[in-house]
Amino acid sequence: MNKKSFDLEELASLCKRRGFIFQSSELYGGINGFWDYGPLGVELKKNIKDAWWRDTVQRRDDVVGLDASIIMHPRIWEASGHLEGFSDPMVDCKTCKGRFRADQLESSTCPQKPSKNVLSCGGELTEARQFNLMFKTFVGPVQDDSSVAYLRPETAQGIFAQFDNVLSVSRQKVPFGIAQIGKAFRNEINPRNYTFRSREFEQMELEFFVPPGDDEEWHRYWVAERLKWYTTIGLAPEHLDQYVYPQEELAHYASACVDIMYQFPFGLQELEGIAARGNFDLSRHSEYSGKKLEYFDQATNTRYIPHVVEPSAGVDRIALAVLCEAYAVEWIPKEGTAGEIQPAQPGESVPAGYEERTVLRFTPRVAPIKAAVFPLLKNRPELVEAAQKLYRQLQSSWPVFYDQTGAIGRRYRRQDEAGTPFGLTVDFQTLEDQTVTWRDRDDMRQERVPVAEVADRLATALA
Ligand code: GAP
């Protein structure tokens with residue numbers, strides 16, 4: 001189960017250097033719990049979201065999509081229970097003035113004594129009190145109680161609130177699902193572990209409506225489906241796990257909940273929760289809106305409030321898991337030297353005949369750049385012209401990268417760090433026999449491939 005541990009700081013530094021993730025508002029000293037995704041990060045996240053949407057919505061007959069607004073009627077949050085109960089217990093430290101989650105004191109570092117946690121640093125803590133995590137704002141020019149609104153803390157409620165409209169336009173029959181990808185906001189007391197717990201993040205949520213009584217079967221189905229899905233975006237099965245909630249940890253309306261966990265460098269942590277929520281949400285919205293939210297089953301001539309199974313995943317956490325899974329520091333044989341690729345041994349020097357490389361071994365499906373095209377030399381117009389022609393041809397189908405600057409080995413290394421699975425080098429042999437060097441990022445093997453076959457081969461590798 002254990003993935004070779006590494007310091008998250010190393011990964012964060014690579015992510016900054018290569019343009020995956022930047023601290024939000026860095027120019028002004030940053031703002032805790034908010035992150036910006038750079039040119040490679042935005043592609044990575046888009047690929048994860050596209051993979052989810054393709055597999056959860058477009059490839060299925062029984063799921064349709066929705067894009068609801070972030071700010072909704074405040075009554076939605078009364079009905080959902082968020083206004084009353086979406087809170088974490090918080091304590092203040094009278095000594096350092098820090099604020100901490102009361103249930104995470106042991107793993108919270110003291111800001112004044114970073115080698116100690118908040119329980120052992122000697123600071124005086126207040127009693128715990130509940131802190132609501134929803135961000136408040138005002139709609140319209142008057143800022144009073146009647147104009148209070150909230151940034152949504154989850155995308156799910158937009159789906160429940162539009163259940164009736166979607167049902168009536170989509171011609172779906174229960175069992176069916178409504179899926180949504182979008183931003184969610186939580187004023188987390190202690191954002192931490194890089195992007196893992198942020199104050200602004202994206203969710204991919206599916207509300208799958210089922211007949212009462214079928215909850216257990218569909219819950220089992222979605223847990224299995226979702227576990228499988230993570231392997232399609234490159235997470236190793238041995239780094240994935242499940243946490244099955246015991247009865248006493250379930251919400252009063254839920255009949256089952258399983259978290260899909262990933263072995264991060266900072267421990268086994270949740271990527272996604274899959275809950276069987278009964279008919280709690282639709283019943284509450286029906287009660288608070290005064291409108292019936294029912295389904296008429298023609299086959300049995302019965303009317304009922306559907307139950308729901310909810311697989312709810314966080315895009316940013318998945319992106320972080322994908323980065324952790326892909327990240328490797330390796331010793332590779334120098335050009336012209338025989339030898340095997342080895343994992344770098346921290347603290348030891350690189351063996352003779354080897355050099356160190358940092359690589360992101362993304363599965364091609366999520367890799368931000370699918371291939372890089374290089375002319376061997378930039379000062380030979382015939383090589384540049386042939387390389388650019390190939391680059392333009394591939395660019396019409398995939399995100400590809402063109403690089404003519406520096407020694408070819410250094411250009412490969414740059415793409416290894418960006419996680420680009422394939423390198424294509426146009427050299428003098430290309431001009432003679434119309435083949436290019438195809439280099440595989442992971443095993444660094446090189447072979448000659450006819451230019452005319454490159455696009456087909458890439459399509460197969462990316463399928
Ligand atoms: N509608 C159910 C719901 O929102 P949740 O377990 O609170 O359930 C679902 O959130 C997923 O959203 C989590 O598994 C996680 O991936 C992501 N998530 C929740 N809070 C987050 C945060 N503060 N930062 C990043 N991702 C978060």
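Colleague: What makes L377, F428 and L431 a nonpolar surface patch?

Modeller: In this predicted model, L377, F428 and L431 together make a nonpolar patch of about 220 Å² on the surface. A patch residue needs over 30% relative accessible area, and F428, which lies in helix α12 (residues 428-433), has 32%; F428 therefore passes that cut-off.

Colleague: Why is F428 called partly exposed?

Modeller: The term covers what lies between buried, under 20%, and exposed, over 50%; the relative accessible area of F428 is 32%, so partly exposed is the word that applies.

Colleague: How do you know that K45 and E202 form a salt bridge?

Modeller: The criterion asks for a side-chain nitrogen of Lys or Arg within 4 Å of a carboxyl oxygen of Asp or Glu, and the closest N and O atoms of K45 and E202 are 2.8 Å apart, so the pair qualifies. This pair links distant parts of the chain, with K45 in helix α2 (residues 39-58) and E202 in strand β10 (residues 200-210), 157 residues apart. E202 also meets the side chain of K49 in a salt bridge, with 3.0 Å from N to O, and that contact again joins strand β10 to helix α2, across 153 residues.

Colleague: Why do K45 and E202 count as buried?

Modeller: Buried means under 20% relative accessible area. K45 has 7% and E202 has 9%, so both residues meet the condition.

Colleague: Which salt bridge does R59 form, and why is R59 called exposed?

Modeller: R59 pairs with D55, the closest N and O atoms being 2.7 Å apart. The relative accessible area of R59 is 56%, and the word exposed requires over 50%, so it applies here. A search of the whole structure finds 35 salt bridges, and a network of them links E330, E355, R357, R361, R413, D416, R439, R441 and D442.

Colleague: What makes strand β12 largely enclosed by the rest of the structure?

Modeller: Strand β12 covers residues 256-264, and eight of its nine residues are buried, so the rest of the structure largely encloses it.

Colleague: How do you know that β12 pairs with β11 and with β13?

Modeller: Pairing needs at least two bridges between the strands. Strand β11 (residues 240-244) and β12 share five bridges in the antiparallel sense, while nine bridges join β12 to strand β13 (residues 267-276), again antiparallel; both counts therefore satisfy the condition. For individual positions, L240 has Y262 in β12 as its bridge partner, and A256 has A276 in β13. β12 and β13 also form a hairpin, with two residues between them.

Colleague: In what order do the strands of the open sheet with β4 lie, and which are the edge strands?

Modeller: The order is β5-β4-β6, with antiparallel pairing. The edge strands are β5 (99-101) and β6 (129-132), each of which pairs on one side only. Neighbouring strands of this sheet are turned by 50° against each other on average, direction ignored. Strand β4 (residues 87-92) is joined to β5 by three bridges, and in β5 the bridge partner of D92 is R99.

Colleague: What is notable about the phi values of N301 and M444, and is each residue buried or exposed?

Modeller: Phi of N301 is near 60°, a positive value in a residue other than glycine, and M444, also not a glycine, has a positive phi of about 60°. N301 sits in the loop between β14 (295-297) and β15 (302-304), and its relative accessible area of 58% is over 50%, so N301 is exposed. M444 lies in the loop between β23 (435-440) and β24 (446-450), and its 17% is under 20%, so M444 counts as buried.

Colleague: Where is the cis peptide bond that involves P175?

Modeller: The cis bond joins V174 and P175, with omega about 5°, and P175 is found in the loop between α6 (163-170) and β9 (176-185).

Colleague: How many helices and strands does the protein have, and what share of its residues count as buried?

Modeller: The protein has 13 helices and 24 strands, and 50% of its 463 residues count as buried. The accessible surface comes to about 22,700 Å², of which 49% belongs to carbon and sulfur atoms.

How values were computed. Residues numbered from 1 in each chain as written. Predicted model: local features only at pLDDT ≥ 70, side-chain atom pairs only at ≥ 80, totals over all residues. Heavy atoms only, no water. Patch = residues over 30% accessible without salt bridge, like charges linked within 9 Å, V, L, I, M, F, W, Y side chains within 5 Å. Areas by Shrake-Rupley, 256 points an atom, 1.4 Å probe, with all protein chains shown as cover. Helix = DSSP H or I, 4+ residues; strand = E, 2+ residues; numbered from the N terminus. Buried < 20%, exposed > 50% of the residue type's maximum accessible area, 1.4 Å probe, protein only. Axes fitted to C-alpha atoms, helices over the stretch in contact; angles between N-to-C directions.
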